[in-house]
Amino acid sequence: MLPLAVAAVSVVALAVPASAAGHGDNGRFTPGAAGVGDPYFPLEGNGGYDTRHYSLDLQYDPDYDQLDGTVTITARATQNLSRFDLDLSGMDVESVSVNHRRADHTRRGQELIITPRKGLKKGSTFTTVVKYGGVPQTIVGSPIVFGSPYGFLHTPDGAFVGGEPNGASTWFPVNDHPSDKATYDYTLTVPKGLTAVANGRLSEHRAATAAFSRRSAKIGAEVFRWHEDSPMASYLTTIDIGKWDVKSGRTPGGVPNYTAVDPVLLANQPDAVDFFYNTTSDVTDTWSKTFGKYAFASTGAIADDARFNGQPLGFSLETQSKPVYSAVRSTGTIVHELAHQWFGDAVSPRQWKDVWLNESFASWAAWYWTETHGGRSAADAARATYAARPFPDAAGRPYWSVLTADPQRDTMFNDRVYSGGAMALQFLRERIGDEKFLNLLRTWYAQHKYGNAETAQFTALAQKVSGQDLSGFFKDWLYSPIKPAIS
């Protein structure tokens with residue numbers, strides 16, 4: 001195994017021998033589950049603990065596609081734990097420590113199984129340190145995202161990371177499920193001349209020398225420290241490395257804005273930096289007035305000339321605090337991705353079947369933006385979408401047969417989860433009226449900000465806010481494989 005980058009361990013926790021009797025859980029120490037029980041992704045996430053904070057100290061050397069690092073994870077045990085898992089796909093693990101003591105570890109598929117020297121008592125805080133390295137592997141051919149490559153993507157000058165739904169574990173050990181949010185610190189070391197961008201706010205940038213593991217001698221380097229102080233789902237994490245034109249400042253409403261654009265994109269659109277920066281500022285402030293005060297310490301954009309095997313990537317993603325864009329995208333795309341900062345990032349799904357709470361809401365928000373900026377109304381957009389989708393579905397083109405609120409894993413990003421759910425929201429708006437509908441969205445955001453939520457909670461809130469029995473409406477629009485009638 002190649003030499004790996006550095007790190008030390010830190011931890012404080014109350015621990016007792018795994019065989020000893022204790023209080024709670026009948027005094028027994030048992031393994032944490034290998035998954036959180038999400039039916040779409042049975043092995044994503046892990047049981048037995050609640051993660052509080054990740055500290056990622058990473059070195060990335062684009063010339064060799066080599067990522068080396070140390071990840072320190074602070075968590076709270078939710079049972080008497082004899083062992084626990086992290087999610088990690090590929091990569092080589094050099095060592096694991098729990099509470100300052102080396103721990104045994106084994107690999108089984110994506111599971112990194114860790115056995116500390118002493119059992120971890122329920123309610124105790126413990127820290128795990130994993131030293132690891134390797135070449136992160138891009139996920140390709142998955143039907144979940146229609147075969148598009150995602151996760152850790154290697155670019156000509158660095159890396160572009162878009163991890164939804166399960167790509168985070170391709171580049172760091174993690175409890176990889178949106179139900180376990182945590183705060184993050186990043187220390188990113190890259191060769192001199194490159195910039196590393198991540199979630200949150202930049203707290204330090206300095207020049208250094210570094211011993212990258214595949215090089216025979218130290219070279220000049222840049223170190224960037226980023227801090228995300230709001231709870232974040234793992235699929236929203238990102239590190240983006242390369243050459244960037246950066247513009248930073250504040251939106252007119254006062255939110256810090258950090259926008260980074262690959263200079264390659266300027267060849268075809270010289271104003272790309274200003275376009276992303278200004279549009280991001282405008283949209284962030286507008287959604288703050290529409291849905292409630294922006295939840296995070298910064299906003300922004302990361303726009304890369306991102307390709308896989310020379311072919312341009314076709315996606316953008318709502319990574320927390322600054323979405324990633326794989327090229328210069330439209331205003332509508334920026335509107336959609338920033339709406340996710342409210343619906344998907346601040347309020348995240350409890351299980352992946354609830355993903356319509358992300359995508360339908362952002363899709364409706366894009367319609368509403370157009371309506372309030374002099375374009376087609378959301379009502380007309382919904383009816384045009386409705387008319388364009390025949391029923392029954394055409395062969396090989398599932399739409400109405402996909403349940404909006406339970407679309408199944410391989411069709412969880414089907415267009416019915418986007419435009420179909422947006423239709424449901426627009427027709428709900430028309431049924432209960434603008435004032436109650438916008439109050440519903442603001443209340444939903446306020447009640448679940450920084451946490452997780454599920455469909456049943458939204459439908460219950462809608463009935464409460466509207467004062468109407470909406471059970472039949474939601475049955476037809478969210479849970480039935482039909483084309484509901486509209487007036």
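**Domains 2 and 3, and helix α8**

Biologist: Which domains does the assignment give?

Modeller: This is a predicted model, where local features need pLDDT of at least 70, side-chain atom pairs count only at pLDDT 80 or more, and totals for chains, interfaces and linings use all residues. Residues are numbered from 1 along each chain as its sequence is written, and side-chain values use heavy atoms, with hydrogens and water left out. The bounds come from an automatic or database domain assignment. That gives domain 1 (28-140 + 158-232), domain 2 (244-341) and domain 3 (352-479).

Biologist: How many salt bridges are there between domain 2 and domain 3?

Modeller: Domain 2 and domain 3 bury about 1300 Å² between them, 67% of it on carbon and sulfur atoms; that's accessible area (1.4 Å probe) lost on being put together, summed over both. A salt bridge needs a side-chain nitrogen of Lys or Arg within 4 Å of a carboxyl oxygen of Asp or Glu. Between these two domains the count is zero.

Biologist: And which helices cover the buried residues of α8?

Modeller: Helices here are DSSP runs (H or I, at least four residues), numbered from the N terminus. In α8 (residues 471-478), the buried ones (under 20% relative accessible area, 1.4 Å probe, protein chains only) are Phe-473, Phe-474, Trp-477 and Leu-478. They sit on the same side of α8 because they span an arc of only 95 degrees around the axis, taken from the directions from the helix axis to the C-beta atoms. Their cover includes α3 (356-372), α4 (378-388), α5 (415-432) and α7 (455-466).

Note on methods. Buried means under 20% relative accessible area, exposed over 50%, partly exposed in between (1.4 Å probe, protein chains only). Helices (H or I, at least four residues) and strands (E, at least two) are DSSP runs, numbered from the N terminus. Contact means heavy atoms within 4.5 Å. Buried area is the accessible area (1.4 Å probe) that two parts lose on being put together, summed over both.
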